[in-house]
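Visitor: Please show me the structure, and then let us go through its charged pairs, its sheet and its helices in turn.

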Amino acid sequence: MPEAGLVLGVDLGTTSLKGSLFDVQGRLIADHSTVYPTTRHADGRVEQDPGDWLDAFWTVVDVLLDGRDPAGLIALGICSQVNTNVFVDDEGRALAPAITWLDGRCEGEAARLDALVDDTARHRWWPSGMAISASHTLPRMAWMAAVHPGIWNRTAKVLSPKDFLLRHLTGQWTADAPAAFDLVDMQGRYIPELLALVPGAAARLAPLASYRSVIGRVSHPRLPGCRAMVVNGTMDALGCLFGSGASGPGEGSYISGTSEIIAMIGDRPGSAPGIVSFVPVDDWHVQAGPTQSGGDTLRWLAELLSLPFQDVLALAATADRSGAGDEILFLPHLEGERAPFWDSRARGSFLGLRSSDGPAALALAALEGVALSAGLIFSGCAQAVGHRPDALYLGGKGNRSDLWAQIRADVLGIPLHRVDCLDTGAVGAGIMAGVGAGLFPSIAEASRAFVRIERTFVPDPARRARYDRLTRRYLVAYQQLKPFYALE
């Protein structure tokens with residue numbers, strides 16, 4: 001291992017780009033983040049400008065390397081939001097706004113394509129029997145070909161945000177199997193029969209490489225003298241898993257950002273309904289699920305109440321959590337739901353309101369509803385890996401609130417270890433960069449160097465009955481409301 005040098009980890013998230021700079025021993029030197037806008041249209045389109053990602057990347061890099069020699073940067077890794085797609089020309093330039101994972105415009109195309117996949121093929125490709133949803137890549141390709149054929153004909157590749165940045169840094173086309181989970185089988189290979197459903201799709205996908213593969217070196221006038229190794233990296237769910245401290249089978253993470261993501265590591269293949277089974281990574285069998293709305297629920301409620309989000313959290317802290325059956329139930333399906341339902345038509349609901357309920361009760365119900373949605377994924381992941389973990393690592397800026405972290409521990413019924421650097425995606429990207437550059441022999445070794453625990457939240461046994469009851473009501477409410485939202 002070199003005695004000196006810098007490692008940069010970058011997480012291109014839904015609302016912001018985070019960067020963390022480490023030394024070669026894994027010690028955090030500096031971090032910085034910057035936000036970019038998301039455009040939400042009334043018809044369900046949710047878009048971002050890929051140019052904003054590039055601007056954010058260089059803003060963060062300029063701050064982190066201010067006063068430092070760029071030649072000292074020896075490795076760079078990136079993870080990013082997944083199920084966000086950008087259509088680019090042969091120079092890597094965006095041809096249209098990026099379609100984000102929140103976008104529901106392709107519901108019709110998704111249903112049409114899903115109906116073409118028979119159950120035998122579905123379960124051969126994906127152990128969980130995953131459906132093709134509006135957030136998957138293939139229906140977006142079909143939509144672009146049908147609605148904007150001119151853009152489709154000029155499209156050289158359809159890239160994830162991570163791979164868009166990597167193209168601009170290295171000039172290389174690249175992708176990775178875990179981030180392309182909706183297009184690959186459990187051997188990490190693109191599925192020809194699936195891609196054939198959309199003519200031209202296969203030719204517009206980048207070649208796959210391991211998360212630890214060095215795909216090139218930085219060669220950019222913004223970083224004079226820098227020849228850092230650029231590591232392929234992967235999606236945010238795995239990057240956050242690595243960056244949370246999970247280092248082997250039996251461990252896992254609970255990350256709260258715009259959405260909630262729970263991921264667990266098993267030592268053998270497994271599956272459960274609605275849970276994403278990833279291609280094995282270093283002999284780890286990762287099972288995970290993302291919700292559609294996590295921390296984004298807090299943003300929505302704060303805007304609805306015309307309050308800063310800190311005030312919404314303070315209101316929730318004043319509400320009574322000792323209710324015995326008269327709790328408000330909140331379904332956080334504000335833009336549909338991903339795991340475990342994968343239902344783009346689902347909608348948010350407050351149930352059980354009384355005239356005496358005010359903003360504090362609504363705030364508490366919203367926090368609890370998000371935790372309940374994650375609790376369903378937790379149960380599914382535990383089923384898929386074959387055991388219930390003793391604890392999970394807790395990360396993501398949505399876990400800054402002690403109250404919300406405690407609610408999550410109470411709902412899951414296990415201790416949650418909150419890490420000191422909540423930007424676990426950037427930490428995970430740094431870990432992947434360190435492993436890919438040969439600074440550490442494995443994710444487990446790098447994790448021990450990069451990650452530290454700040455606090456543990458232990459579940460309160462007195463809350464068990466409350467959250468068991470709310471979980472049962474949550475499931476019944478979703479099923480009972482499902483036909484209502486399907487009505488034309």
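Guide: A salt bridge is counted here when a side-chain nitrogen of Lys or Arg lies within 4 Å of a carboxyl oxygen of Asp or Glu. The model is a predicted one.

Visitor: How many salt bridges does this rule give?

Guide: Side chains of opposite charge can pair when their charged atoms come close. With the cut-off at 4 Å, the count of salt bridges comes to 37.

Visitor: Which residue forms a salt bridge with D296, and is D296 buried or exposed?

Guide: The partner lies in helix 9 (residues 295–305), 3 residues from D296, and therefore about one helical turn away. The closest N and O atoms of the pair are 2.6 Å apart. D296 has a relative accessible area of 7%, and because buried means under 20%, D296 is buried. The partner, partly exposed at 31% relative accessibility, is R299.

Visitor: Which residues are linked with D296 and R299 in a network of salt bridges?

Guide: The pair of D296 and R299 is part of a network of salt bridges. The other members of this network are R40, E303 and E335.

Visitor: What is the N to O distance between E109 and R112?

Guide: Both residues lie in helix 2 (residues 107–115), 3 residues apart, about one turn of the helix. E109 counts as buried at 18% relative accessibility, while R112 is partly exposed at 41%. Their side chains meet in a salt bridge, with an N to O distance of 2.9 Å.

Visitor: How many residues apart are E193 and R124?

Guide: E193 and R124 form a salt bridge, with their closest N and O atoms 3.7 Å apart. This pair links distant parts of the chain, E193 being in helix 7 (residues 192–195) and R124 in helix 3 (residues 119–125). E193 counts as partly exposed, at 45% relative accessibility. The separation of the two along the chain is 69 residues.

Visitor: In what order do the strands of the open sheet lie?

Guide: The open sheet has 6 strands, and their pairing is mixed. Its edge strands, each pairing on one side only, are strand 3 (28–35) and strand 10 (214–217). From one strand to the next the twist averages 20°. The order is 3-2-1-6-11-10.

Visitor: Which residue of strand 6 stands opposite V10?

Guide: Strand 1 (residues 6–12) pairs with strand 6 (residues 73–80) in the parallel sense, over 7 bridges. Opposite V10 in strand 6 stands I78.

Visitor: Which residue takes a positive phi in the hairpin of strand 2 and strand 3?

Guide: Strand 2 (residues 16–23) and strand 3 run antiparallel and are joined by 7 bridges. Among the paired residues, F22 has L28 in strand 3 as its bridge partner. The hairpin has 4 residues between the strands, and the residue with a positive phi near 90° is G26.

Visitor: At about what angle does helix 8 run to strand 11?

Guide: Helix 8 (residues 236–244) lies across strand 1, strand 6 and strand 11 (229–235). Its angle to strand 11 is about 105°.

Visitor: Why is helix 4 largely enclosed by the rest of the structure, and which of its residues are buried?

Guide: Helix 4 (residues 137–147) is largely enclosed because 8 of its 11 residues are buried. These buried residues pack against strand 7 (86–88), strand 8 (98–99), helix 2, helix 5 (149–154), strand 9 (157–159) and helix 7. The buried residues are T137, L138, P139, R140, M141, A142, W143 and M144.

Terms used. Residues are numbered from 1 along each chain as its sequence is written. This is a predicted model: local features need pLDDT of at least 70, side-chain atom pairs count only at pLDDT 80 or more; totals for chains, interfaces and linings use all residues. Side-chain values use heavy atoms; hydrogens and water are left out. Two strands pair if DSSP finds at least two bridges between them. Axes are lines fitted to C-alpha atoms, for helices over the stretch in contact, and angles run from 0 to 180 degrees between N-to-C directions. Contact means heavy atoms within 4.5 Å. Buried means under 20% relative accessible area, exposed over 50%, partly exposed in between (1.4 Å probe, protein chains only).
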